[in-house]
Amino acid sequence: YLKPFQPTFLVRHESYNVPLLQYQMTSGSIEHLKTVLTSLKASGRKLVPLGTIYTAVLSQETRDVRIAPDSTVLTIVGVTAKNIQQLTDLLQKEGVAATFFVETEEIGMSGITERVILNVLANGNEVQSAGHTGDDLRSLTDTQVLLELGQSKKVIEALTKREVYAVAYPLGGVNDRVMTRAEEIGYLFGLTQVPDRVFSRAQFLRLPTMYVTGSANPADISQSVK
């Protein structure tokens with residue numbers, strides 16, 4: 001019997017409406033982060049690492065994949081040897097996974113050790129790049145930017161045996177030149193500190209995030225991601 005030809009069309013999303021939180025760790029902010037997590041969960045938000053978007057974007061090349069509408073991406077910057085274990089313990093206790101952005105200058109026997117990194121991963125979290133030294137990439141030459149981003153990517157991938165696909169630009173600083181260098185190195189995402197929750201594919205290397213510090217009101221944060 002004859003029947004109509006009905007091809008399956010690939011759904012390749014061009015825009016995304018997903019809030020990304022970029023939480024800045026500072027001295028004493030563990031307790032503040034705990035109240036933020038409690039408030040977000042109480043408001044019905046599902047906290048996920050950035051890898052949720054990464055996986056969805058890759059999968060959308062071959063099939064339709066949707067990101068749950070109640071999702072909020074949790075990323076953390078300012079991760080150091082002094083706070084990483086407390087941070088890992090808190091997230092495990094709260095049943096939350098996040099993406100840690102680490103300056104690779106912090107990694108080593110006298111800083112963030114391989115054992116600590118593996119513990120972070122074992123608890124369901126991710127480790128991505130915050131550059132090597134944390135210097136503002138806009139102030140560096142092209143060669144220096146490539147070194148900063150390339151060295152950081154290489155160090156983390158060697159430790160984690162996982163792809164490093166995202167960078168949180170130090171100080172949120174990015175321009176077209178830095179974005180081009182990040183793409184050349186092999187990054188898919190780049191996090192800025194521009195407060196917005198809707199972004200397109202063209203903005204993958206200039207992703208907006210809601211930058212959160214220890215002085216922010218947890219209730220206001222929960223309201224902003226609804």
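Buried here means under 20% relative accessible area. The views below come from a predicted model.

**View 1. Helix α4 and its buried face.** Helix α4 covers residues 114-122. Its buried residues are Val 116, Ile 117, Val 120 and Leu 121. Seen down the α4 axis, these fall within an arc of 140°, so they line one face of the helix. The face turned away from that buried side carries Arg 115 and Ala 122, both exposed. What do the buried residues of α4 pack against? Two helices and two strands take part: α3 (84-94), α5, β5 (99-102) and β6 (126-129). Just after α4 comes Gly 124, with a positive phi of about 90°.

**View 2. Thr 160 in helix α5.** Thr 160 belongs to α5, which runs over residues 142-160. Is Thr 160 buried or exposed? Its relative accessible area is 8%, so Thr 160 is buried. Neighbours within four places in sequence are set aside for its contacts. That leaves Ile 117, Leu 121 and Val 127. Ile 117 and Leu 121 also appear among the buried residues of α4.

**View 3. Lys 161 in the loop after α5.** Lys 161 sits in the loop between α5 and β7 (166-168). Its relative accessibility is 69%, so Lys 161 counts as exposed. The phi of Lys 161 is positive, near 60°, and the residue is not a glycine. Most residues other than glycine have a negative phi.

**View 4. Leu 171 in the loop between β7 and α6.** Leu 171 is placed in the loop that joins β7 to α6 (176-185). Leu 171 also has a positive phi, about 65°, although it is not a glycine. At 63% relative accessibility, Leu 171 counts as exposed.

**View 5. Ile 107 in the loop between β5 and α4.** Ile 107 lies in the loop that links β5 to α4. Is this Ile 107 buried or exposed? Its relative accessibility is 19%, and the cut-off for buried is under 20%, so Ile 107 counts as buried. Residues up to four places away in sequence are not counted among its contacts. Ile 107 then touches Val 102, Ile 112, Val 155, Ile 156 and Leu 159. Ala 68 is 39 residues away from Ile 107 in sequence. In space, the two are 34 Å apart, C-alpha to C-alpha.

**View 6. Gly 150 in helix α5.** Gly 150 is part of α5. At 21% relative accessibility, Gly 150 counts as partly exposed. Gly 150 and Tyr 187 are separated by 37 residues in sequence. Their C-alpha atoms are 9.6 Å apart.

**View 7. Helix α1 and what covers it.** Helix α1 has 14 residues, 29-42. How does its length compare with what 1.5 Å a residue should give? The expected span is 20 Å, and the end C-alpha atoms are 20 Å apart, which agrees. Buried in α1 are Ser 29, Ile 30, His 32, Leu 33, Val 36, Leu 37, Ser 39 and Leu 40. The cover over these buried residues includes strands β2 (20-24), β3 (46-48) and β4 (71-77). It also includes helices α3 and α7 (218-224). After α1 comes Gly 44, with a positive phi near 90°.

**View 8. The largest pocket.** This pocket holds about 270 Å³ of space. How many residues line the largest pocket? The lining has 17, and Gln 24, Val 77, Gly 78, Glu 103 and Pro 170 lie nearest the centre. By class, nine lining residues are nonpolar, six polar and two charged.

Note on methods. Residues are numbered from 1 along each chain as its sequence is written. This is a predicted model: local features need pLDDT of at least 70, side-chain atom pairs count only at pLDDT 80 or more; totals for chains, interfaces and linings use all residues. Side-chain values use heavy atoms; hydrogens and water are left out. Helices (H or I, at least four residues) and strands (E, at least two) are DSSP runs, numbered from the N terminus. Buried means under 20% relative accessible area, exposed over 50%, partly exposed in between (1.4 Å probe, protein chains only). Contact means heavy atoms within 4.5 Å. The arc is that of the directions from the helix axis to the C-beta atoms. On a 1 Å grid over the protein atoms alone, a cavity is a set of points where a 1.4 Å probe fits but cannot get out, and a pocket is an open set with protein on both sides within 12 Å along at least five of seven lines; lining residues have an atom within 4 Å of a point. Grid points are joined across faces, edges and corners, and a volume is the space filled by probe spheres set on the points. Ala, Val, Leu, Ile, Met, Phe, Trp, Tyr, Cys and Pro count as nonpolar, Asp, Glu, Lys and Arg as charged, and the others, Gly among them, as polar. The expected span of a helix is 1.5 Å times one less than its number of residues.
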